[in-house]
Amino acid sequence: MHPVPKSSKLAGVCYDIRGPVLEKARRMEEDGQHIIKLNIGNIAAFGLEPPDEIVQDMIRNLPDAAGYTDSKGLFAPRKAVVHYSQQKRIAGVTVDDVYLGNGASELITLSMNALLNNGDEVLIPAPDYPLWTASVALSGGTPVHYICDEQSDWMPDLADMAAKITERTRAIVVINPNNPTGALYPVEILQGIVELARRHQLIVVADEIYDKTVYDGNVHTSIASLADDVLFLTLNGLSKNYRSCGYRAGWMIVSGARAHARDYIEGLNMLASMRLCANTPGQLAIQTALGGYQSIDDLVAPGGRLCRQRDLAHKLLSEIPGVSVVKPKAALYMFPRLDPKLYPIADDQQFAYELLAEQKVLIVQGTGFNWPNPDHFRVVFLPNSDDLTEAIGRIARFLDNYRAR
Ligand code: PLP
């Protein structure tokens, strides 16, 4: 048989969060080694179980959830998402504007596939959650990265964003709260983005999957609440705020200037039909989650487990010579910087390999988030305080040795 090559469509596609370093970690685990994982936002795996109400309703609904549903999803959970959009002050959303998906991930690729012609450009933050860059590339589009500025707490650099808009730009992706930086954007920044979108007739695509995972009494603003004359897609789901990523329950809201987007919406509907529907048990969990007790509030409150772990991870990382970290206002991640004078890293994937091999700690290298330089890495602060202390202690030892090389 001839060799079977992968599609050339995959040439620009990469997803390093589950890349070769993780493969090496798997092999080490198969050999019986214990690895501390700071690599992935899989919340339930760290003893942070989903609300019991969701699990119980899932079990109860299962016998009646064996059928396909409407391709955009069941009415009741979509209605629950409409109510949620009202709480978020996104105007004029009806059940028709809501698409349910197998996690936000499916809707991210679907939204880009329905939008892009070959060579169309999409503005994406650097650093980003890499599924965005990968989905744009897979759809034939060209990802164009705008810089988020570490000096100003990882805010999007609006001047850089404006400078990168061309005739071919179709959309601006906004990840707020941000993975991997933990930034939470103030209204003025969001207004600046809306203004650019308005001026250049661009779609704003907002990934707000961490919108309730917000610390220090901060409040999240949905960018779609700021205008009705720009087309917005807002993506969210149960994976993070409700600690149930395995249930694969996500949604997308189309709002704002829909009247100008009939053709695109037809495309979205077509792709939603082609995948038949999102898994029905996951859809049925949405109502319970959105309507029930919001236990995430207890985890992010001062003294709550996630807040404590954020504070601890930030303190311990900041104490390492040559490491600086912006304290996250939201989400589950930090994106520390390694001073290149102390750590002259040429290849940060190799750096992640070496850390894994020497200290059995798994992180993801910064370039995996489309960060242009090999001088950052991402950690999740989901492990409990003892494990975090142990893991960051090992990172500190690894870096001590690195400096002494
Ligand atoms: N968007 C962001 C910013 C994420 O960090 C993640 C997962 O880590 C996703 C989307 C994927 O979400 P889902 O589990 O709903 O597919």
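Two aromatic rings, taken from Phe, Tyr or the six-membered ring of Trp, are counted as a pair if their centres lie within 6.5 Å. In the predicted model examined here, this rule yields 13 aromatic pairs.

One of these pairs joins Tyr 215 and Phe 381, whose ring centres are 6.2 Å apart and whose planes meet at 55°, an arrangement that is classed as tilted. The two residues come from distant parts of the chain, being separated by 166 residues: Tyr 215 belongs to the loop between β7 (203-207) and β8 (231-237), whereas Phe 381 belongs to the loop between β15 (377-380) and α13 (385-404). Both Tyr 215 and Phe 381 are buried.

A further pair is formed by Tyr 343 and Tyr 402, and because their planes stand at 55°, which falls neither under 30 degrees nor over 60, this pair is likewise tilted, with a distance of 6.2 Å between the ring centres. Here too distant parts of the chain are linked, since Tyr 343 is found in the loop between β12 (337-338) and α12 (348-359) while Tyr 402 is found in helix α13, 59 residues apart. Tyr 343 has a relative accessibility of 1% and therefore counts as buried, and Tyr 402, with a relative accessible area of 11%, is buried as well. Tyr 343 and Tyr 402 also belong to a cluster held together by ring pairs, in which they are joined by Phe 351, Phe 377 and Phe 398.

Apart from the ring pairs, a charged residue is placed over an aromatic ring: Lys 72 lies over the face of Tyr 99, at 4.8 Å from the ring centre.

Key. Residues are numbered from 1 along each chain as its sequence is written. This is a predicted model: local features need pLDDT of at least 70, side-chain atom pairs count only at pLDDT 80 or more; totals for chains, interfaces and linings use all residues. Side-chain values use heavy atoms; hydrogens and water are left out. Helices (H or I, at least four residues) and strands (E, at least two) are DSSP runs, numbered from the N terminus. Buried means under 20% relative accessible area, exposed over 50%, partly exposed in between (1.4 Å probe, protein chains only). A charge sits over a ring if NZ of Lys or CZ of Arg is within 6 Å of the ring centre and within 35 degrees of the ring normal.
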